[in-house]
Amino acid sequence: MKLQCALNTEQYDIAQQLRNKLTEVEAEITRQKEAKRGLSSKNEAQDKAISILRLRADLQSAIESESYALAAELRDQISKLEAESLAASAKALVFETAQYAFRLGQKVKHKIFGYRAVICGMDPVCCESSSWMDTAQVEKLPRGSNQPFYQVLVDVHADPNLLVAYVPEDNLLAPEQPDTGRFDHPYVSFLFYGMDTAGDFIPIKQLLEKYNRPRHEAPIDPEDEEPK
């Protein structure tokens with residue numbers, strides 16, 4: 001009885017640690033959600049536009065009061081903000097118009113390493129640091145960093161030490177035939193409802209909303225339809 005109690009306590013502690021970790025992950029995802037969907041860039045452009053209007057009003061006041069040194073400084077600030085606003089607007093447009101070859105929950109295969117994985121997140125361009133891109137030799141890819149990058153869950157049977165990977169679209173392949181084989185990963189039950197008829201995973205509503213993606217309906221096999 002004492003041994004069983006100890007085992008139960010240990011399992012509870014492990015489960016609690018996992019729940020705490022998932023809470024941390026969820027908080028980080030929430031923090032980055034707007035950035036991943038381009039909303040932060042849009043908000044940044046709007047904020048800078050408001051700042052520009054205020055600075056222009058200050059500039060007019062400086063000119064009227066013949067504070068020419070201040071006016072020159074304000075002009076420089078306005079020019080800098082206008083350039084930053086343009087860059088933020090361009091970045092927001094990239095997020096809004098991004099075209100993805102793969103979808104959330106889709107099973108894929110890594111072209112180079114061959115492991116099976118499931119798409120669990122996506123960015124329209126690489127959002128990692130320049131040092132990470134240098135290490136990953138992103139510049140040697142056909143499309144470099146200006147292509148979609150995906151967060152993928154790696155099948156534990158393929159590589160138990162690599163739970164999550166960040167992979168460029170150039171390095172992913174969709175299976176030629178439906179992959180209905182077993183796929184094990186500790187995060188699958190938290191991010192997906194289960195598998196559809198094509199073997200892909202069905203994302204939970206929150207995951208679709210985070211990346212502003214539509215729900216995918218698996219095609220119906222005519223052989224599976226009941227005769228009328």
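# A guided tour of the predicted model

Begin by selecting Ile119, Tyr150, Val152 and Phe192: among the 27 residues of the largest nonpolar core, these touch the most other members. A nonpolar core is here a set of buried Ala, Val, Leu, Ile, Met, Phe, Trp, Tyr and Cys residues joined through side-chain atoms within 4.5 Å. Buried means under 20% relative accessible area, exposed over 50%, and partly exposed in between, computed with a 1.4 Å probe on protein chains only. Next, colour the elements that contribute two or more residues to this core: strand 2 (116-123), strand 3 (149-154), strand 4 (164-168), helix 5 (188-191) and helix 6 (205-210). Strand 2 provides the largest share, five residues. Helices (H or I, at least four residues) and strands (E, at least two) are DSSP runs numbered from the N terminus.

The model is a predicted one, in which local features need pLDDT of at least 70 and side-chain atom pairs count only at pLDDT 80 or more, whereas totals for chains, interfaces and linings use all residues. Residues are numbered from 1 along each chain as its sequence is written, and side-chain values use heavy atoms, with hydrogens and water left out.

**The whole chain**

Zoom out to the full protein, which has six helices and seven strands. From the N terminus, the order of elements is α-α-α-β-β-α-β-β-β-α-β-β-α. Of the 228 residues, 33% are buried. Contacts (heavy atoms within 4.5 Å) with a separation of 6 or more are made, in 58% of cases, by residues 24 or more positions apart.

**Phe192 and the second core**

Return to Phe192 and display its surroundings. Leaving aside residues up to four places away in sequence, Phe192 touches Gly105, Val118, Ile119, Cys120, Leu153, Phe201, Ile202, Pro203, Ile204 and Leu207. Apart from the largest core lies another, of eight residues, among them Leu55, Ala62, Ala71 and Leu74.

**The five-stranded sheet**

Select the open sheet of five strands, whose order is 4-3-2-1-5 with antiparallel pairing. Strand 4 and strand 5 (172-173) form the edges with a single partner strand each, so one side of each has no neighbour in the sheet. Two strands count as paired if DSSP finds at least two bridges between them. Strand 3 and strand 4 are joined in the antiparallel sense by five bridges. To follow this pairing, label Phe149, which stands opposite Pro168 in strand 4, and then Tyr150, which stands opposite Val167 in strand 4. Strand 4 is mostly covered, with four of its five residues buried.

**The hairpin of strands 6 and 7**

Move to strand 6 (192-195) and strand 7 (201-203), with the loop between them that holds Asp196. The two strands run antiparallel and are joined by two bridges; Met195 stands opposite Phe201 in strand 7. Five residues separate the strands of this hairpin, and Gly199 takes a positive phi near 90 degrees.

Now centre on Asp196. Asp196 is buried but has no salt bridge, and the nearest side chain of opposite charge, Arg103, is 5.1 Å away. For such charges, Lys and Arg count as positive and Asp and Glu as negative, while His and the chain ends are not counted. A polar atom of the Asp196 side chain lies 2.9 Å from the backbone nitrogen of Ala198.

**Salt bridges**

A salt bridge requires a side-chain nitrogen of Lys or Arg within 4 Å of a carboxyl oxygen of Asp or Glu. By this rule the count comes to eight. Select Arg56 and Glu82, which form one of them, with the closest N and O atoms 2.6 Å apart. Arg56 belongs to helix 2 (residues 39-64) and Glu82 to helix 3 (residues 68-97), so the pair ties together parts that are 26 residues apart in sequence. Arg56 is partly exposed at 42% relative accessibility, and Glu82 is also partly exposed, at 34%.

Next select Arg116 and Asp179, whose side chains meet in a salt bridge (3.0 Å, N to O). Arg116 is in strand 2 and Asp179 in the loop between strand 5 and helix 5, so this pair ties together parts that are 63 residues apart in sequence. Arg116 is partly exposed, at 23% relative accessibility. Add Asp155 to the selection to show the network of salt bridges that links Arg116, Asp155 and Asp179.

End at Asp184 and Arg182, whose side chains form a salt bridge (2.6 Å, N to O). Arg182 counts as exposed, at 64% relative accessibility.

Definitions and conventions: A polar contact is a pair of N or O atoms within 3.5 Å; within protein, one must be able to donate a hydrogen and the other to accept it, and residues adjacent in sequence count only if both atoms are side-chain atoms.
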